[in-house]
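Colleague: I am new to this structure and would be grateful for a close look at a single part, set within its surroundings.

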Amino acid sequence: MATLTLALAAAAIAALAWGSVRIPAADVVHILTGNADPSPYRTIVLDVRLPRVLLGAAVGAGLAVVGTTLQALVRNPLADPFLLGVSSGASAAAVAVIVLGIGAGMATTVTIPAASFAGAFLALLVVYALAREPGGGFTTSRLILAGVAVSYVLAALTSLILVVSARADHLKEVLYWTLGGLGSARWDMLAVPLTVLAVGTALLIALARPLDLLLVGEEGATVLGLDTARFRAAVFVLTSLVTGVLVAHSGAIGFVGLMVPHAARMLVGAAHRALLPVAALMGAVFLVVADLAARTVAAPQDIPVGVLTALTGGPFFLWLLRRGRTREEAA
């Protein structure tokens, strides 16, 4: 935890210092501590880059925590808010609010987060219903196929909404939601995602023991006193809320919730009381670094961070499938 905290601090300072305008790291530290003289750098660091870094850390941590939780709920190492259609549901609902102009006066603070939560929750319910077998279990193929199918339907729905609106100014906003990005970060939009992240992570850490029980299987968890159906329903609502709020502020950023939990388990094992906070810190570090790369690889052009996470997450997903197949063949 201490090492990851230091890594997050180093990644944040690097993200504040590097960009189209290079700022010495010492000046960044002086600005953050309030010891620097007034300079143009202060505005760049405090008003432009710092909100973006904080939002990236919050989104990365939240997606990692949600991914870790979903993998325990469905007992599948391939579970992820993006692959299971949760991010697509939140994104489609947010796009609908933007294009239809629902609650235009309070869209950023109320309407878009509420719609994103509803879309994420409904998408997760559909995937859960499609993938569930008569005995109540899941298989990798059913879960992934259901998630991919729901994601494609929601992507088509998003395109339909955009075509029907017939307004060119919506194209850039829709592209932002579908690819994911942190460029719109502002101080006035950080309160909601940071609060939801803190409360959601605290609640999930408090539920660490029931999550551990699910790892032994449905029947074993029931024998040990866990009402699995009610517990899954409650945690599905909680993870949908966290995902919806995060997607409402960053768009659909994929594969963070798939890769980070596996890396965290390599460090601390599968016990969720330690796994969840470690995954949160690793997710924050990963997305801050990914966003830094997105800003600097093709500077001054800003690449959507979701493109970079997909470029790294796609091969990782294929590796997981290959590893699972190798284990099945060995068995």
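Colleague: To begin with one residue, does Leu-100 count as buried or exposed?

Modeller: Leu-100 counts as exposed, because its relative accessibility is 59% and the cut-off for that class is over 50%. Please keep in mind that this is a predicted model, and that every value mentioned here is computed from it.

Leu-100 lies in helix H4, which runs over residues 86-100. Although Leu-100 and Ile-161 are 61 residues apart in sequence, their C-alpha atoms are 8.5 Å apart in space.

To see where H4 belongs, it helps to step back to the whole chain. The protein chain holds 14 helices and 0 strands, and from the N terminus on its elements therefore read as a run of α entries, with helices as defined by DSSP. Of the 331 residues in the chain, 50% are buried. Among the contacts between residues at least 6 apart in sequence, 73% join residues at least 24 apart.

H4 itself packs against helix H11, and two packed helices are described by the angle between their axes and the distance between the axes. For H4 and H11 the angle is about 55 degrees, and the axes are 9 Å apart. The two helices are therefore oblique to each other, and H4 passes H11 in a right-handed crossing. On the side of H4 the contact is made by Val-86, Ser-87, Ala-90 and Ser-91, while H11 contributes Thr-243, Gly-244 and Val-247. Sorted by class, the residues of this contact divide into 3 nonpolar, 4 polar and no charged. In an α-helix there are 3.6 residues a turn, so residues three or four places apart point the same way.

The partner helix H11 covers residues 228-250, and Thr-228 has its place in H11. Thr-228 counts as buried, because its relative accessibility is 8%, where the cut-off is under 20%. Leaving aside its neighbours within four places in sequence, Thr-228 is in contact with Leu-214, Glu-218, Ala-221 and Thr-222. Thr-228 and Leu-73 are 155 residues apart in sequence, yet their C-alpha atoms are 9.2 Å apart.

Beyond H11, the loop between H11 and helix H12 (256-268) contains Phe-255. The phi angle of Phe-255 is near 75 degrees, which is a positive value in a residue other than glycine. Phe-255 counts as buried, at 11% relative accessibility. On the other side of H4 in sequence, Arg-75 is found in the loop between H3 and H4, and its phi angle is near 50 degrees, again a positive value in a residue other than glycine. Arg-75, however, is partly exposed, with a relative accessible area of 39%.

That loop leads back to helix H3, which spans residues 40-73 and is in contact with both H1 and H2. The axes of H1 (residues 2-17) and H3 come within 9 Å and cross at roughly 140 degrees, so that the two helices are oblique to each other. Their crossing is right-handed. In this packing, Ala-12, Ala-15, Leu-16 and Ala-17 of H1 meet Val-45, Arg-49, Leu-50 and Val-53 of H3, and by class the contact has 7 nonpolar, no polar and 1 charged residues.

Helix H2 (residues 25-33) packs on H3 at an angle of about 75 degrees, with the axes 10 Å apart, and the pair is therefore roughly perpendicular. Here Asp-27, Val-28, Ile-31 and Leu-32 of H2 meet Tyr-41, Arg-42, Val-45, Leu-46 and Leu-50 of H3. This contact has 7 nonpolar, no polar and 2 charged residues. Val-45 and Leu-50 of H3 take part in the contact with H1 and also in the contact with H2.

One further helix is worth following, namely H13 (residues 272-296), whose 25 residues reach 35 Å from first C-alpha to last, close to the 36 Å expected at 1.5 Å a residue. H13 is mostly covered, with 19 of its 25 residues buried. Asp-291 is found in this helix and is itself buried, with a relative accessible area of 5%. Apart from its neighbours within four places in sequence, Asp-291 is in contact with Arg-52, Leu-182 and Val-305.

Technical notes. Residues numbered from 1 in each chain as written. Predicted model: local features only at pLDDT ≥ 70, side-chain atom pairs only at ≥ 80, totals over all residues. Heavy atoms only, no water. Helix = DSSP H or I, 4+ residues; strand = E, 2+ residues; numbered from the N terminus. Expected span 1.5 Å × (residues − 1). Buried < 20%, exposed > 50% of the residue type's maximum accessible area, 1.4 Å probe, protein only. Contact = heavy atoms within 4.5 Å. Axes fitted to C-alpha atoms, helices over the stretch in contact; angles between N-to-C directions. Parallel < 35°, antiparallel > 145°, perpendicular 65-115°, else oblique. Left-handed = near helix turned anticlockwise from the far one by under 90°. Nonpolar A, V, L, I, M, F, W, Y, C, P; charged D, E, K, R; others polar.
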